[in-house]
Amino acid sequence: APPSACIQRLHRIASLFAMAPLAGDGTGTVPFVRFRWHCLDRCDSGRGGRGGGEIGGWGLFCEPFQAHETVALEQKSNLRHCHARVLTDLIGEGEHEGCHQVEITEDDGDGSGNGKVLYTRPQKMARVLPDEPSRAILMTDTTNFRRVAKTQVSRKDAILEVGCAFGDCTRILSCHAAHVIGVDVAKELVSESRRRHPNLSFQWLDFAEEPDRLKDIWRQLCSMGRPKIFLDIGGDRASPDVCKVLTSLWNILTSDPTLVRPTMLVVKARTMAAACTEGVCDPQGVILDVPKFWASVSEQPIKSRAQQKKHRNRARKAMWAECPPDEEEISAEERFWRDAKEKAAQIRRRIVVRQVQQYVSAWHGAANGEEASNDDGSCWSELLNWFLRLTWQRLSSLKDAR
């Protein structure tokens, strides 16, 4: 049996990730349920971006624009910021036909360009969504994730990025927001992010185990601007895993009534977005029944025996790595099989080394024009077969990647 310390640690992690009722909302186990949920994959396409062409799922942010709306002007870079207020509807005639008159409200510099009036075509503009109602935006790809980061963040916003990885999107957010803090559970990624971007703030944090630290970070962000959350814990992660993180995050932020709620949640999760079928969303990409959608994506899939075995093996390795057992606690049978596996691995390594040496000697002999012996000829033939198989596998993988 594992040590009692391991059992207590596992119970603590399980209780933190449990679907506990939300504080004060009366909405059961669904986090961010009062948000308006959008799935960009179900939205209409629209013109935008650097080239002004059609972008899939961009209908939420594109034309038509109306007077007094706030828009982000395309600057041909993710690192340049410019927000403006639309002054007129689309001009239908004259020198500026097909343009909107806009007034710069936030420029990329020290604010000296604020108040400047210019004319811009609609495909060079992106709608900045208002704070009310609060919104949650789902997407599948990194391109749209960063496009939302550069258009939907203003100088009045403070951003918490969950899953900052190497800090590439954190850098984009820092060019548009008042303040950004990136957090990640991987210490190596946080160290690399700090090395690449020394002027940005990164925290090594597993908020499921350190909820108080998350609350302190959230209070710091709220003191600097309107809080928003960008979450990317791996675009191909299973939707139940993403739901666990969102639930844990929401439970921590709502456990203290003094904490300010976020005004926007942006999530990159391929599996969650794939669950937004026609019956789940309306033609504008709005999820119609959020609790029902959440129940469908948060349900753990039934695992096969092979998957369950792999899961148990990974959990066992992690547990013994955290708390290695005493040698006395291992039975004689377990010790025998452990030693047998190590011996078999050593034999396999010696066989591979010997085969490689034979292949190399045969290769050199053929290159020098020497007549191969029977053994060398066999090695040479095996080497050619091995090389052809390797080449074919490489070509097949490249074909699948395309």
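Colour the chain by pLDDT, the predictor's confidence in each residue from 0 to 100: the average is 83, and 79% of the residues score at least 70. This is a predicted model, in which local features need pLDDT of at least 70, side-chain atom pairs count only at pLDDT 80 or more, and totals for chains, interfaces and linings use all residues. Residues are numbered from 1 along each chain as its sequence is written, and side-chain values use heavy atoms, with hydrogens and water left out.

Select residues 6-28 next. pLDDT stays under 50 there, and the model has 33 contacts (heavy atoms within 4.5 Å) beyond four places in sequence for this stretch. Where pLDDT is low, predicted coordinates should not be read in detail.

Move to the largest nonpolar core, a set of buried (under 20% relative accessible area, 1.4 Å probe, protein chains only) Ala, Val, Leu, Ile, Met, Phe, Trp, Tyr and Cys residues joined through side-chain atoms within 4.5 Å. This core has 43 residues, and W37, L265 and M272 have the most contacts inside it. Helix α6 (residues 239-254), a DSSP run of H or I with at least four residues, gives the most to this core, with 8 residues. Centre on M272: beyond its neighbours within four places in sequence, its contacts include W37, L138, F293 and W294. Apart from that core lies another, of 24 residues, among them L40, W58, M139 and A177.

Finally, display the open sheet of 5 strands (DSSP runs of E, at least two residues), ordered β7-β6-β5-β4-β8 with antiparallel pairing; pairing requires at least two DSSP bridges between strands. Its edge strands are β7 (117-120) and β8 (125-127). Within the sheet, 4 bridges join β5 (residues 83-86) to β6 (residues 100-106), and V86 has V102 of β6 as its bridge partner.

Terms used. Buried < 20%, exposed > 50% of the residue type's maximum accessible area, 1.4 Å probe, protein only.
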